Amino acid sequence: MKEQENNANNSRRSFLKKGIALGAFSATALAIASFQKDDVDETGEKVKLLSPEGEIVEIDKAYVKPAQDLHLPLDSKKIREGIPNRKFVMVIDLARCKNALNCVSACNKHHHITGKNAWLKVYKMQESKDTAPYWMPSTCQHCDQPACVTVCPVDATFKRRDGLVLVDNERCIGCRFCMAACPYSARVFNWEEPDQGEITMNMDMNMTQHASTPEHAGLPSVKGTVDKCDFCPHAIEKGELPHCVSACPNGVFYFGDKYEDTVTNGDETLRLGKLLEDKAGYRLMEGLNTQPSVFYLPPKERSDDFKDGLDKYKKFQSVEKPEQS
Amino acid sequence: MKNQLNFRYIFLALLSVFVLTAGFQNVYAQKAKKNKVRLKAQYIKIMDGESFIDIKATSKIKKQNITVSGIDVIVFNELEDDRIKLGTVTTNMKGEGRFVFKNFNSIQADSSNTYTIYLSFKGNETFKKAKKSISFMNADIIAKMVIKDSVNYISARLSDPVTDTPLEGESLTIQVQRLFGPLILGDEFNDIDDDGTIFVPVEEGIPGVDGILTFEVVLNDSDDYGTVKALIEAPIGTAIIDESTFDKRTMWSPRNKTPLFLLIFPNLLIIGIWGLIVYLIINLFKISKTKN
Amino acid sequence: MKIQEKLLNDLAPRKFDKLGVIWTSALILLIIAGVIAYIDQIIKGQVVTNMRDYALWGIYISNFVFFVATSFVGSVIVAILRLTHNEWRTPLVRVAEIITLASIVMAGITITLDMARPDRLLNLFIYARIQSPITWDVIIIPTTIAISFLLLYFPLLPDLAILKDHFKDKKPRLSRWYGRFSLNWRGTTVQKAIQTKSIKIIAIMIVPIGLMLQTIDAWLFSTTYRIGWDSTNMGAYFIAGAVVAGVAALIVVLFVVRKTKKLENYITELHFDKLGKLLALACLIYLYFNMNEYLIPSYTPSTGEEIHLKTLFTGSYSFLFWLVTIGGLILPVLFLLFKKGRKPLPMFFIGLVVVICSWWKRYIIITPTLLHPFLPIQGVPESWHHYFPSLHEWLITIATLAMALLIITILVRYLPVVPIQRTADEQEKLNNEKH
């Protein structure tokens with residue numbers, strides 16, 4: 001009997017032993033398996049990229065796929081001609097602007113602006129000491145008689161049929177005459193290699209590289225060339241509003257097609273003509289005859305106090321440094 | 001000896017627990033960090049066109065709302081206790097996805113003529129699983145353009161397609177399609193009368209490409225019927241005129257459209273002056289080549 | 001015709017003395033420093049300058065404008081004085097031609113230094129838009145280089161032939177070079193006829209070309225909207241300024257050349273006296289344009305004009321403004337009104353002051369305007385509200401000035417600074433008239 005018991009005990013022991021060993025083994029295997037990623041051979045070489053969220057991330061070079069030409073080639077007539085039957089305009093309602101600076105952040109993020117001068121800036125304006133101060137966001141005005149285009153010696157900046165004035169960073173020779181000619185201080189210059197990461201890419205799901213195109217300015221920014229607000233053709237081609245327009249929490253920016261006589265700020269969609277008539281719209285420096293495409297609605301019956309915007313006002317900074325992750 | 005055995009057991013047991021927990025640690029750790037996903041769904045039906053569910057996945061991470069891209073959402077047709085799988089949608093970079101119903105016969109309504117669609121996301125390493133259910137009944141909008149006393153009107157009727165009875169208590173919106181979103185014409189809400197119809201004048205002078213406008217009569221996001229849209233294409237708009245100077249010769253045009261004055265006068269000057277310079281250089285050669 | 005031995009000995013090029021070697025070496029060192037700074041600029045980008053988005057043009061451009069202005073001296077001395085039958089110009093023309101060529105070549109080089117993408121230089125030719133003032137510059141500068149070269153070369157041919165003979169025994173290799181460049185000049189009737197006709201054509205051409213060059217340079221600024229640049233005065237203003245800068249540069253170089261080559265008998269006090277009067281006249285005309293440019297806007301200034309003028313008259317640029325106006329124009333005129341002021345040594349100093357002030361004058365034209373744009377300067381670092389050139393900019397600019405001086409030095413070393421054949425011809429004519 002004792003022997004049977006012993007045998008039973010022994011077999012139980014050995015079963016338990018085996019069971020525990022098996023359990024431990026499978027647990028370890030599971031643990032190891034769960035640490036595995038997809039089956040890509042990592043090269044060990046890391047590259048710095050700027051993610052769509054505006055953060056600098058480091059990933060292994062193996063995950064980066066080579067360039068795919070998803071945009072039209074640069075000298076394609078279509079890029080220089082633009083979208084037919086459209087004329088894009090923007091309306092900026094100064095009565096609503098509180099210097100929230102969401103527009104500036106969104107623009108800086110989506111164009112990967114890493115210099116010291118933002119393309120869209122909110123100015124603290126006061127024409128005279130007797131008139132009231134107000135906040136004025138200012139972009140490139142995409143003038144219909146653009147001085148910048150007139151003076152460019154190499155056709156690097158051009159005016160399209162749909163009203164946009166864009167920059168071909170592969171053609172620009174960096175003479176900065178366009179910057180001298182622009183009365184709206186709309187243009188910035190890449191005085192050094194832009195700090196956008198080793199390979200700047202418009203990272204999409206598959207992390208494929210997009211070729212540089214005038215339709216998505218800043219991707220990448222090119223050393224020794226000019227950059228400016230492009231009215232986001234990469235977005236408007238998809239029927240989406242430019243980033244500043246969608247980012248504004250106060251509905252300051254309206255955008256639309258002048259031929260359709262309609263502009264929208266994402267919430268309200270209005271007839272352009274009626275909006276300008278009702279709210280006395282005007283254009284900046286109309287007397288210079290540049291014929292800008294940006295209309296301003298005067299800061300009348302403002303929703304907020306001008307002083308409330310002073311907290312966020314930074315006289316000497318318009319671009320936040322991208323976060324390192 | 002028994003003590004030794006005991007020790008061995010205890011040791012092995014402790015070891016296995018340690019390894020097991022180490023092995024599952026990352027799983028536990030991930031479970032602790034997983035974020036909640038919120039699924040939003042909207043049912044949209046376009047008359048004489050597609051019907052679909054627009055899905056949007058968002059999540060609150062670090063107090064910020066972000067879109068969840070690249071997740072698979074399975075679409076079911078829920079009927080009593082059954083769930084019939086209809087398909088899968090993967091959200092794009094903006095966290096949005098659209099599931100199109102191939103035809104209305106592919107989904108079944110319950111006894112109260114209500115269709116229920118159930119969306120499910122199984123979860124992944126970063127996100128917890130999520131689900132969303134929406135119900136709607138089928139509704140029709142029959143819309144057309146009429147002219148009365150040389151004024152354009154839109155006449156539309158909202159009805160139940162099966163019984164052809166008007167649906168009460170709803171209001172329709174008339175809008176015209178524009179590039180970045182529709183422009184509402186007239187009042188935002190036009191209440192339907194007892195007949196289930198509305199009769200709304202269309203303002204004049206709406207510009208459109210070649211004068212063609214696409215109007216939409218919309219039942220917007222109703223609780224019972226979702227969103228129903230009827231489209232009317234009518235050439236009653238004012239034709240747009242291209243004001244751009246792109247085809248003209250201007251000072252800001254590309255070089256193939258240089259103003260004629262600049263094309264002719266400077267080039268004549270250049271040819272004249274360089275012609276003379278070439279002549280002078282030839283003279284140098286002549287001097288060098290003169291014989292005694 | 002045999003050239004008098006004395007004439008030949010006086011005017012033929014001689015080897016450099018110690019001073020000349022030191023001078024040339026110093027220039028070469030400055031140029032090397034500039035080249036190193038430029039390579040650094042290419043590698044790092046123009047961030048090494050102190051130009052930023054508001055002060056987007058700096059001393060590279062003002063230096064360029066200075067070179068363009070100085071290159072006008074050829075048109076003035078050689079052509080305008082010729083067309084107005086001022087025969088005393090003969091000993092001066094060669095130096096004037098040399099300065100013109102050196103200046104315009106350096107202008108072409110200097111402007112490419114300002115380009116942030118010099119690797120795309122060819123775009124200026126392949127994709128040129130003739131609507132752009134820069135394209136007009138791209139056309140007129142090579143044209144001026146070509147015509148300035150011909151202006152120097154055609155009258156040089158007889159002298160090269162003379163020098164070939166002169167050095168045949170003592171320096172045969174040098175003699176052969178002179179021979180090659182003299183293009184087989186033997187003074188035959190045919191050759192003389194071609195040469196005379198050609199020089200006449202060049203002398204007539206260089207005046208409108210020179211005027212166009214100055215005007216196009218001015219239009220780089222007046223075709224913009226900016227306060228201080230958008231002036232209808234600009235073309236004529238720049239032409240007058242070019243006469244001042246050119247004549248002053250000529251006086252300085254003449255003095256040095258005269259002294260080091262002991263040419264007091266050829267470049268006499270009379271020449272300095274005449275040049276002094278010419279410079280005084282040029283300064284007066286330029287002062288007239290300055291009044292139109294600065295005094296009249298201050299009568300009814302717009303907001304922008306008032307800010308701009310305040311900056312120049314009493315503000316941050318006032319020291320420079322009054323320096324270049326009083327020191328660079330008014331005082332020189334006052335000194336030049338007196339005969340004593342038109343003697344060679346005082347003229348040298350006056351000329352030097354005028355040249356230096358001419359250089360700073362162009363700085364005053366460019367920088368203050370850029371720092372007063374229409375919209376307020378906001379959202380950029382505090383340093384972007386000011387501009388003073390960086391070390392790189394100074395090194396590169398000084399290198400271009402050194403290179404201009406080097407070109408002049410080399411040409412003056414190997415070419416007869418006073419035209420030998422012409423002087424001989426004129427002396428013969430005088431002798432014939434005496435008898």
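**Exercise 1. A turn in chain B**

Decide whether B:D149, at a relative accessibility of 67%, is buried or exposed, and find the loop that holds B:D149.

*Solution.* This is a predicted model, in which local features need pLDDT of at least 70, side-chain atom pairs count only at pLDDT 80 or more, and totals for chains, interfaces and linings use all residues. Residues are numbered from 1 along each chain as its sequence is written, chains are lettered from A and ligands numbered from 1 in the order in which they are written, and side-chain values use heavy atoms, with hydrogens and water left out.

- Step 1: recall the cut-offs. Buried means under 20% relative accessible area, exposed means over 50%, and partly exposed lies in between (1.4 Å probe, protein chains only).
- Step 2: apply them. With 67% relative accessibility, B:D149 is exposed.
- Step 3: locate the residue. B:D149 sits in the loop that links strand 9 (140–148) to strand 10 (151–159) of chain B. Helices (H or I, at least four residues) and strands (E, at least two) are DSSP runs, numbered from the N terminus.
- Step 4: check the backbone. The phi of B:D149 is positive, about 55°, although the residue is not a glycine.

**Exercise 2. Two backbone features of chain A**

Describe the backbone at A:N85 and at the peptide bond from A:L219 to A:P220.

*Solution.*

- Step 1: A:N85 also has a positive phi, about 60°, without being a glycine.
- Step 2: its loop runs between helix 2 (77–81) and strand 3 (88–93) of chain A. A:N85 has a relative accessible area of 38%, so the residue counts as partly exposed.
- Step 3: the bond from A:L219 to A:P220 is cis, with omega near -5°. A:P220 belongs to the loop between strand 8 (188–189) and strand 9 (226–227) of chain A.

**Exercise 3. How far to trust chain A**

Find which element of chain A has the lowest mean pLDDT and which the highest.

*Solution.*

- Step 1: start with the chain. pLDDT is the predictor's confidence in each residue, from 0 to 100. Chain A averages 82, and 71% of the residues score at least 70.
- Step 2: go to the elements. Helix 1 (residues 2–35) of chain A has the lowest mean, 56, and strand 13 (residues 294–297) of chain A the highest, 98.
- Step 3: look for weak stretches. Residues 65–72 of chain A have pLDDT below 50, with 19 contacts beyond near neighbours in sequence. Residues 199–209 of chain A also stay under 50, and the model gives them 41 contacts beyond four places in sequence. Contact means heavy atoms within 4.5 Å.
- Step 4: draw the practical lesson. Where pLDDT is low, predicted coordinates should not be read in detail.

**Exercise 4. The interface of chains C and A**

Work out how many residues of each chain take part, and which salt bridge links them.

*Solution.*

- Step 1: count. On chain C, 45 residues are in contact with 53 residues of chain A.
- Step 2: take the area. The two chains bury about 3,900 Å² between them, 59% of it on carbon and sulfur atoms. Buried area is the accessible area (1.4 Å probe) that two parts lose on being put together, summed over both. C:Y225, C:L375 and C:Q378 supply 19% of what chain C buries against chain A, more than any other three residues.
- Step 3: find the charge pair. A salt bridge is a side-chain nitrogen of Lys or Arg within 4 Å of a carboxyl oxygen of Asp or Glu. There is one between these chains, and it joins C:D114 to A:R176 at 2.7 Å, N to O.
- Step 4: sort the residue types. The side of chain C that touches chain A has 25 nonpolar, 11 polar and nine charged residues. Ala, Val, Leu, Ile, Met, Phe, Trp, Tyr, Cys and Pro count as nonpolar, Asp, Glu, Lys and Arg as charged, and the others, Gly among them, as polar.

**Exercise 5. The interface of chains B and C**

Find how many salt bridges there are between chain B and chain C, and the area buried between them.

*Solution.*

- Step 1: 29 residues of chain B are in contact with 32 residues of chain C.
- Step 2: the buried area is about 2,400 Å², and carbon and sulfur atoms give 72% of it. B:R255, B:L280 and B:I287 supply 27% of the area that chain B buries against chain C, more than any other three residues.
- Step 3: the salt bridge count is zero. The side of chain B that touches chain C has 17 nonpolar, eight polar and four charged residues.
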